[in-house]
Amino acid sequence: MSSGSGEPRVKLRAALEGLPSYRPGRSAGPSSEPAQSVYKLSSNENPFPPLPGVLEAVNEAASSLNRYPDMFATGLVAALSDRFDVPAEHLATGTGSVGVLQQVIQACAGEGDEVVYAWRSFEAYPIVVGISGAESVRVPLTANARHDLDAMADAITDRTRLVVLCTPNNPTGPAIRRAELAAFLERVPSDVLVVIDEAYREFVRDPEAVDGLEVYARHPNVCVLRTFSKAYGLAGLRVGFAVAHDDVADALRKTAVPFGVSGVAQAAAVESLKHEAELRDRVVELVDERTRVMATLREQGWSVPDSEANFVWMELGESTEDFARKCAENGLIVRPFAGEGCRVTVGESAANDRFLRVSQEWISGSEV
């Protein structure tokens, strides 16, 4: 029964006041043209179906839905340890990389602490930080949509417990480079955890871009996050993992939701790791499409940051919502960030062709 006026209300944590709810990319609804297909380019999903053998593994695992899954994802951890050549005790799993990030923050930060990250970056960061009761310290991106690592180092105080680096950065696309990260880490106190969020690592082609696993191997205060949601095409199953040194990895296992990664998700991830050749082929196709989309946008006159992910960033300012609405009218669901720009996922070639037609007509002032 809901409380009436004058009745006392349930007391909630003050840290939740003003905290935004996560806003997922819009689902594909009907187009204004009934015969026109609708493409969802708002959530950075992989347009390919699961890799070979995955559906069979899922069906087999589903026969045990009446049982709890392996709480410590032993089989998946063993497969990850073998694939990435890291000790099993340095691995922790969770519900996607954002789920693992929440475990990290719960392990490191609380009331009175600070978490430093770039902005704009992944919109879940202020939410998971706020839930912990810690304070977000947002450092603006540079003019070319990159992390300003000098400014982020300057923002570290004795209250800072961790720094989150998103590379490639969601939603703008650029990746952090090795030399700039090395200089940054020299300035970070050894008791401050640096989280390298690499949800889009498989799409990176910049030879100077950071590989988080190489960095973690040399720095005890570095933790790397990765996911099966993007390149592996398992977004609907929510499975990610962290690679960190013993004390941090153990803390992440302590803060994990018990049985959070389902048996179906574990089976799908293990099977996916067996199909690296097919994964590479799919990623190459998406990277080729990304290159084509960025080149065409620049030919049209757009200023597009270098993206190392499976999306492109359109800086639109106050026209952002209008552009997103025009895309929707043409059967394209994109992700608007009001007053800033739109993130557009690189999808199948037909979806990209339609998007490039809309972008051309928009920038030329034509009526879409």
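**Exercise 1. Backbone outliers**

Phe259 is partly exposed, with a relative accessible area of 34% (buried is under 20%, exposed is over 50%, and partly exposed falls in between, with a 1.4 Å probe and protein chains only). This is a predicted model, in which local features need pLDDT of at least 70, side-chain atom pairs need 80 or more, and totals for chains, interfaces and linings use all residues. Residues are numbered from 1 along each chain as its sequence is written, and side-chain values use heavy atoms, without hydrogens or water.

Task: Give the phi of Phe259 and place the residue in the chain.

Solution.
- Step 1. Phi of Phe259 is near 60°, a positive value in a residue other than glycine.
- Step 2. Phe259 sits in the loop between helix 8 (246-255) and helix 9 (263-272). Helices are DSSP runs of H or I with at least four residues, strands are runs of E with at least two, and both are numbered from the N terminus.
- Step 3. Asp85 also has a positive phi, near 55°. Asp85 belongs to the loop between helix 2 (74-84) and strand 2 (91-94).
- Step 4. Asp85 is exposed, at 70% relative accessible area.

**Exercise 2. Cis peptide bonds**

Task: Find what kind of peptide bond joins Trp119 and Arg120, and what joins Thr167 and Pro168.

Solution.
- Step 1. Recall the background: most residues other than glycine have a negative phi, and most peptide bonds are trans.
- Step 2. The bond between Trp119 and Arg120 is cis, with omega about 10°. Arg120 is in the loop between strand 3 (114-119) and helix 4 (125-132).
- Step 3. The bond between Thr167 and Pro168 is cis too, with omega about -5°. Pro168 is in the loop between strand 5 and helix 6 (178-187).

**Exercise 3. Salt bridges**

Task: Take the pair Arg201 and Asp211, and state how far apart the closest N and O atoms are.

Solution.
- Step 1. Apply the rule: a side-chain nitrogen of Lys or Arg within 4 Å of a carboxyl oxygen of Asp or Glu. The count comes to 23 salt bridges.
- Step 2. Arg201 and Asp211 form a salt bridge, with the closest N and O atoms 3.9 Å apart. Both residues lie in the loop between strand 6 (193-197) and helix 7 (212-218), so the pair ties together parts that are 10 residues apart in sequence.
- Step 3. Check exposure: Asp211 is buried, at 19% relative accessibility.

Task: Do the same for Glu135 with Arg159, and for Lys326 with Glu329.

Solution.
- Step 1. Glu135 and Arg159 meet at 3.2 Å, N to O. The pair links distant parts of the chain, 24 residues apart: Glu135 in strand 4 (residues 135-140), Arg159 in the loop between helix 5 (149-154) and strand 5 (160-166).
- Step 2. Glu135 is partly exposed at 39%, and Arg159 is partly exposed at 32%.
- Step 3. Lys326 and Glu329 meet at 3.7 Å, N to O. Both lie in helix 11 (residues 320-329), three residues apart, about one turn of the helix.
- Step 4. Lys326 is partly exposed at 21%, and Glu329 is partly exposed at 34%.
- Step 5. Salt bridges with shared partners join Glu198, Arg201, Asp211 and Arg226 into one network.

**Exercise 4. The sheet 9-12-11**

Task: State the pairing sense of the open three-stranded sheet and name its edge strands.

Solution.
- Step 1. The order is 9-12-11, and the pairing is antiparallel. Strands pair if DSSP finds at least two bridges between them.
- Step 2. Strand 9 (311-315) and strand 11 (335-337) are the edges, each pairing on one side only.
- Step 3. The twist averages 20° from one strand to the next.
- Step 4. Strand 9 pairs with strand 12 (residues 341-345) over five bridges. Glu315 stands opposite Gly341 in strand 12.

**Exercise 5. Helices and domains**

Task: Compare the span of helix 3 with its expected value.

Solution.
- Step 1. Helix 3 (residues 96-108) has 13 residues. The expected span is 1.5 Å times one less than the number of residues, giving 18 Å.
- Step 2. The helix reaches 19 Å from its first C-alpha to its last, close to that value.
- Step 3. Its buried residues include Val100, Leu101, Val104 and Ile105.

Task: List the contacts of Gln300 beyond four places in sequence.

Solution.
- Step 1. Gln300 lies in helix 10 (residues 276-300) and is buried at 13%.
- Step 2. Its contacts (heavy atoms within 4.5 Å) are Leu356, Ser359, Gln360 and Ile363.

Task: Describe how domain 1 and domain 2 meet.

Solution.
- Step 1. The bounds, from an automatic or database domain assignment, are 26-48 + 276-364 for domain 1 and 52-274 for domain 2.
- Step 2. Their C-alpha centres lie 25 Å apart.
- Step 3. 24 residues of domain 1 are in contact with 27 residues of domain 2.

Key
Axes are lines fitted to C-alpha atoms, for helices over the stretch in contact, and angles run from 0 to 180 degrees between N-to-C directions.
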